[in-house]
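Here's a quick walk through one protein model. Have a look at the structure first, and then we'll go through it piece by piece.

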Amino acid sequence: MTANHGTRARYVRGKCRCDACRAANTAYQRDRARKYWGVRRALTRGDDLDFLRRQLKARDAVLAASDLPRGEVRGRRDEIARFLELIDDADAYREQLLRVAS
Ligand SMILES: [Zn+2]
């Protein structure tokens, strides 16, 4: 069965180069490029996440060894723990994204 004009199937399998089929193919490629760059951006953010994670853990170690009032140290370390959880969530989301995209 031959696909309708204005579809990528007709462009690829039917080798049709009418305006409608070329437009469908262009739209497909544009969409694919957008998804590709979306994944690239997510990966870059992933690098940023690792950097942030290291910074937060270093800060946490400094706080743990500091002689600031106990309550203040706990408050700041709790905040760091919440940020680290957020980063883990973002990482898990990135893994999902990469599985779907591959
Ligand atoms: Zn066509």
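## Starting at the front end

Gly 6 sits in the segment before α1; helices here are DSSP runs of H or I with at least four residues, strands are runs of E with at least two, and both are numbered from the N terminus. Before going further, keep in mind that this is a predicted model: local features need pLDDT of at least 70, side-chain atom pairs count only at pLDDT 80 or more, and totals for chains, interfaces and linings use all residues. Residues are numbered from 1 along each chain as its sequence is written.

What does Gly 6 touch, leaving aside its neighbours within four places in sequence? Its contacts are Ala 20, Cys 21 and Ala 24, where a contact means C-beta atoms, placed from the backbone, within 7 Å of each other. Gly 6 counts as partly exposed because it has 16 C-beta neighbours inside 10 Å. The scale behind that word: 20 or more other C-beta atoms within 10 Å of a residue's own makes it buried, 12 or fewer makes it exposed, and anything in between is partly exposed, with C-beta atoms placed from the backbone.

## The overall picture

The secondary structure comes to 3 helices and 0 strands, and along the sequence the pattern reads α-α-α. The radius of gyration is 24 Å, well over the 13 Å that the globule rule gives for 102 residues, so the protein is more spread out than a compact globule. That radius is taken over C-alpha atoms, and the globule rule is 2.2 Å times the number of residues to the power 0.38. Put the C-alpha atoms in a box along the principal axes and you get roughly 75 × 20 × 15 Å.

Just 5% of the 102 residues count as buried. Of the contacts with a separation of 6 or more, 34% are between residues 24 or more positions apart.

How confident is the predictor? Mean pLDDT (its confidence in each residue, from 0 to 100) is 86, and 90% of the residues reach 70 or more. By element, α1 has the highest mean at 93 and α2 the lowest at 84.

## Helices and the loop

Lys 15 is in the loop between α1 (8–12) and α2 (19–65). Its phi is near 50 degrees, a positive value in a residue other than glycine. With 8 C-beta neighbours inside 10 Å, Lys 15 is exposed.

Val 12 belongs to helix α1 and is partly exposed, with 14 C-beta neighbours inside 10 Å. Ala 61 is in helix α2, and it is exposed because 11 other C-beta atoms lie within 10 Å.

Here are some C-alpha to C-alpha distances:

| Pair | Apart in sequence | Apart in space |
|---|---|---|
| Val 12 and Ala 61 | 49 residues | 58 Å |
| Ala 61 and Arg 10 | 51 residues | 61 Å |
| Gly 6 and Leu 63 | 57 residues | 62 Å |

Last comes helix α3, residues 70–101. At 1.5 Å a residue, its 32 residues should span 46 Å, and its end C-alpha atoms are 46 Å apart, which agrees. The expected span is 1.5 Å times one less than the number of residues. The number of buried residues among the 32 of α3 is 0, so this helix lies largely in the open.

Notes. pLDDT is the predictor's confidence in each residue, from 0 to 100. Two residues are in contact if their C-beta atoms, placed from the backbone, lie within 7 Å.
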